[in-house]
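This report describes how selected helices and strands are arranged in the structure shown here, and then turns to a single residue.

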Amino acid sequence: MEPCDDDGSRHWAEPGLYTVAPGVYRIPLPLPNDALRAVNVYAVTDGDTLTLVDSGWALDEARDRLAAALAGLGAGLGDIGQFLITHVHRDHYTLAVALRRESGASIALGRGERASLRATAAPDEHPMEDQIGLLRRAGGTPVIDALVALFDGRRPPTDRDLWEQPDEWLDPGRRTILPGRTLDVVHTPGHTAGHVVFADHAANLLFSGDHVLPHITPSIGFHPAPAEQPLRDFLDSLRLVRSLPDMRMLPAHGPVTPSVHARVDELLTHHDHRLDEIGGTVARGNTTAYEVALRLTWTRRERTLDELDPFNQMLAVLETQSHLDLLTLQNRLTTKDEDDLRHYTVP
């Protein structure tokens with residue numbers, strides 16, 4: 001597989017090896033049964049040393065595609081020296097764990113992911129256990145019932161044996177990954193509690209993970225160990241990235257785009273409008289997160305909650321709850337817990 005220019009002439013998820021900048025290559029790897037279609041892994045190399053930003057899902061097809069792409073650089077899976085992981089979701093983390101067992105490559109992950117990784121790997125922890133509790137408090141019993149029916153009483157797959165500890169916990173700061181190439185590690189909680197992005201200021205590149213995506217807003221509030229105010233954290237992280245010099249955005253899902261600032265501005269505006277919309281929905285007498293979510297539209301196709309599959313219904317209700325909690329923090333709403341339900345009202 002020979003490298004080709006990442007010029008936008010092919011769909012971003014099409015398999016291949018794409019040159020983003022000198023020594024930086026984008027490798028889309030497959031996602032099973034996922035509307036996102038692919039996850040971008042980025043190879044950074046000087047011809048001798050090879051670092052990957054994110055790794056992909058531990059699937060045979062993903063492993064084979066990664067091997068074929070690296071062959072186009074004259075390298076193999078065993079030549080990967082380290083994985084820098086933006087966050088602990090399976091499509092970013094688990095293939096790194098599988099490949100580390102073969103070659104000994106090191107894995108570095110944001111320190112804020114400790115609690116989520118511990119919860120995911122716990123042998124007695126039921127997947128989505130915390131989310132089920134949040135859904136119940138949100139009035140989302142119909143979503144819980146749909147999830148139970150979807151999995152037919154079985155636990156959803158977790159790849160539990162692939163949630164091993166990283167070799168290094170990342171803190172904010174500068175690190176050299178190749179001779180002459182340094183990255184700034186920037187803590188950007190919100191999508192997950194320990195999400196990080198990597199800024200290559202010399203090359204004007206930002207490896208943005210799932211924090212800033214070109215076509216969609218990342219899910220908020222879906223963590224194995226839920227955060228208290230995930231939307232507040234996410235918006236603060238967007239403002240932090242906006243305070244950095246503008247860079248080309250290298251996202252985990254979607255094409256490379258020329259300006260991370262432009263997309264951050266769009267996301268901040270979107271959430272400002274969403275907060276106003278949700279506050280207005282509460283003012284009209286809808287008091288639980290589930291009731292509010294039923295009256296909103298979702299995705300760029302403006303689907304109703306009932307038109308989403310159960311997993312995305314869960315994400316929608318939890319994201320609605322994160323907006324309601326931020327409105328409460330801003331004193332634009334008040335809350336009252338009653339019969340294990342949280343109700344929101346206008347003061």
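In this predicted model, helix 2 (residues 90-103) lies across strand 3, strand 4, strand 6 (80-85) and strand 7 (106-110), and its direction makes an angle of about 155° with strand 6. The strands belong to an open sheet of eight with mixed pairing, in the order 1-2-3-4-5-6-7-8. Strand 1 (4-5) and strand 8 (168-170) each have a single partner strand, so that these two stand at the edges with one side lacking a neighbour in the sheet. Strand 3 and strand 4 are joined by seven bridges in the antiparallel sense, and Leu29 stands opposite Val39 of strand 4.

Helix 1 also packs against this region: its buried residues meet strand 3, strand 4, strand 5 (50-53), strand 6 and helix 2. These buried residues are Ala62, Leu66, Ala69 and Leu70; seen down the helix axis they fall within an arc of 95°, and therefore line one face of helix 1. Asp60 and Asp64, on the other side of helix 1, are exposed. Helix 1 has 12 residues and spans 17 Å from its first C-alpha to its last, close to the 16 Å expected at 1.5 Å a residue.

The residue ranges of three of the helices are listed below.

| Helix | Residues |
|---|---|
| Helix 1 | residues 60-71 |
| Helix 2 | residues 90-103 |
| Helix 9 | residues 310-329 |

Within helix 9 lies His323, which counts as buried because its relative accessibility is 1%, where buried means under 20%. Leaving aside residues up to four places away in sequence, His323 touches Leu231, His271, Arg274, Leu275 and Ile278.

Note on methods
Residues numbered from 1 in each chain as written. Predicted model: local features only at pLDDT ≥ 70, side-chain atom pairs only at ≥ 80, totals over all residues. Heavy atoms only, no water. Helix = DSSP H or I, 4+ residues; strand = E, 2+ residues; numbered from the N terminus. Buried < 20%, exposed > 50% of the residue type's maximum accessible area, 1.4 Å probe, protein only. Contact = heavy atoms within 4.5 Å. Pairing = 2+ DSSP bridges. Axes fitted to C-alpha atoms, helices over the stretch in contact; angles between N-to-C directions. Expected span 1.5 Å × (residues − 1). Arc of directions from axis to C-beta.
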